[in-house]
Amino acid sequence: MPRTKPNIIITGTPGVGKTTLCESLTGTTDLKHLAINRVAKERECHAGWDDALNSWVVDEDKILDAIENEVRQGGYLIDWHACDLFPESWIDLVIVLRSNSTTLYDRLKARNYPEQKLQENMDAEIMEVLLDEAREAFQAELVVELQSNTSEDMEGNASRIETWVGQWTHERCH
Ligand code: DAT
């Protein structure tokens, strides 16, 4: 069965604004927020807690098994700091959120990240680790990089994605 609603991965380094963007989009589109951190915890698809990443060490096979039936139907915002585990056939768009160093530093500092963990995440952002991962795992036209430094960026990104969802749905259903 082809999807009648798209699946969108919202990815990026911790602190770039994935959760905030997904929560905003759940109010304005009929897509649901699928936070992989929450799935990992609630459905026990993990092998413990990684302090450095501030997240569960997910068991990728278990995660995919846990979400497959839902995600195949379409209509999900998949929120995770990795994207290459998801099969390309499930995904219609990959958004990679980006933040500049000083902004990200302040956000992670506000979360009381220890210095080493903060530095690791800053390095990953500067080195464009998540953007590279997305570009390696998905066709170029699926991957969109968006800046997420200010609340204007956040609003602009949300409205751009809403428009995209509307167009995708229109094209599929007409
Ligand atoms: P993530 O889910 O990627 O870890 P988040 O949505 O929890 O990030 O955001 C971390 C903090 O930064 C949170 O206090 C909201 C703020 N923030 C994120 N993106 C922002 C933006 N574009 N403008 C202003 N604040 C932002």
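# Exercises on a predicted fold

With 18 C-beta neighbours inside 10 Å, Ala66 counts as partly exposed. Keep in mind that this is a predicted model.

**Exercise 1. Place Ala66 in the fold and find which residues it touches, leaving out residues up to four places away in sequence.**

Start with the element: Ala66 sits in helix α3. Next, check the exposure call. A residue needs 20 or more other C-beta atoms within 10 Å to be buried, and 12 or fewer to be exposed, so Ala66, with 18, lands in the partly exposed class. Now look across the chain. Val39 is 27 residues away in sequence, yet the two C-alpha atoms are separated by 8.0 Å. Finally, list the contacts: Ala66 touches Val39, Arg43 and Cys45.

**Exercise 2. Compare the span of α3 with what 1.5 Å a residue predicts, then locate its kink.**

Helix α3 covers residues 60-73, which is 14 residues. The expected span is 1.5 Å times one less than the number of residues, so α3 should reach 20 Å. Its end C-alpha atoms are indeed 20 Å apart, in agreement with that value. Now for the kink: α3 bends by about 55°, with the centre at Ile67. Then follow the chain out of the helix. Just after α3 comes Gly74, with a positive phi of about 90°.

**Exercise 3. Do the span check for α5, and say what follows the helix.**

α5 runs over residues 115-126, 12 residues in total. From first C-alpha to last, α5 reaches 16 Å, close to the 16 Å expected at 1.5 Å a residue. After α5 comes Glu128, whose phi is positive, near 55°.

**Exercise 4. Two glutamates, Glu44 and Glu128, have an unusual backbone angle: where are they, and how exposed is each one?**

First, the background. Most residues other than glycine have a negative phi. Glu44 goes against that, with a positive phi near 55°. Glu128 does too, and its phi is also near 55°.

Second, the locations. Glu44 belongs to the loop between α2 (36-42) and β3 (46-50). Glu128 belongs to the loop between α5 and α6 (129-137).

Third, the exposure. Glu44 has 12 other C-beta atoms within 10 Å, so it is exposed. Glu128 has 15 within that distance, so it is partly exposed.

**Exercise 5. Work out how the loops holding Asp30 and Gly75 meet.**

Begin with Asp30, in the loop between α1 and β2 (32-35). Asp30 has 10 C-beta neighbours inside 10 Å, so it counts as exposed. Gly75 lies in the loop between α3 and β5 (76-79). With 19 such neighbours, Gly75 counts as partly exposed.

Now bring the two together. Beyond four places in sequence, Asp30 touches Lys5 and Gly75. On the same basis, Gly75 touches Lys5, Asp30, Leu31 and Lys32. Lys5 is on both lists.

Distances fill in the picture. The C-alpha atoms of Asp30 and Tyr76 are separated by 8.8 Å, with their positions 46 residues apart along the chain. For Gly75 and Thr4, 71 residues apart in sequence, the C-alpha separation is 7.9 Å.

**Exercise 6. Which residues of the largest nonpolar core touch the most other members, and which strand gives the most to this core?**

The core has 35 residues, and the ones touching the most other members are Ile9, Ile10, Leu77 and Ile78. Strand β6 (residues 93-98) gives the most, with four residues.

Zoom in on Ile78. Setting aside residues up to four places away, Ile78 touches Asn7, Ile8, Ile9, Ile10, Leu34, Ile36 and Phe86.

Then take Leu93, in strand β6. With 19 other C-beta atoms within 10 Å, Leu93 is partly exposed. The C-alpha atoms of Leu93 and Ile8 are separated by 4.8 Å, although these positions lie 85 residues apart in the chain numbering. Outside its sequence neighbours, Leu93 is in contact with Pro6, Ile8, Leu142, Val144 and Trp164. Ile8 is a contact of Ile78 as well.

**Exercise 7. Describe the shell around the ligand: how many residues, of what kind, and from which helices?**

Count first: 15 residues surround the ligand. The closest are Gly17, Lys18, Thr19, Thr20 and Met154. Sorted by kind, the shell has three nonpolar, nine polar and three charged residues. As for helices, α1 (18-28) and α7 (151-173) each supply at least two residues.

Definitions and conventions. Residues are numbered from 1 along each chain as its sequence is written. This is a predicted model: local features need pLDDT of at least 70, side-chain atom pairs count only at pLDDT 80 or more; totals for chains, interfaces and linings use all residues. A residue is near a molecule or strand if its C-beta atom, placed from the backbone, lies within 6 Å of it. Ala, Val, Leu, Ile, Met, Phe, Trp, Tyr, Cys and Pro count as nonpolar, Asp, Glu, Lys and Arg as charged, and the others, Gly among them, as polar. The bend at a residue is the angle between axes fitted to the seven residues ending there and the seven starting there. A nonpolar core is a set of buried Ala, Val, Leu, Ile, Met, Phe, Trp, Tyr and Cys residues joined through C-beta atoms within 7 Å. Two residues are in contact if their C-beta atoms, placed from the backbone, lie within 7 Å.
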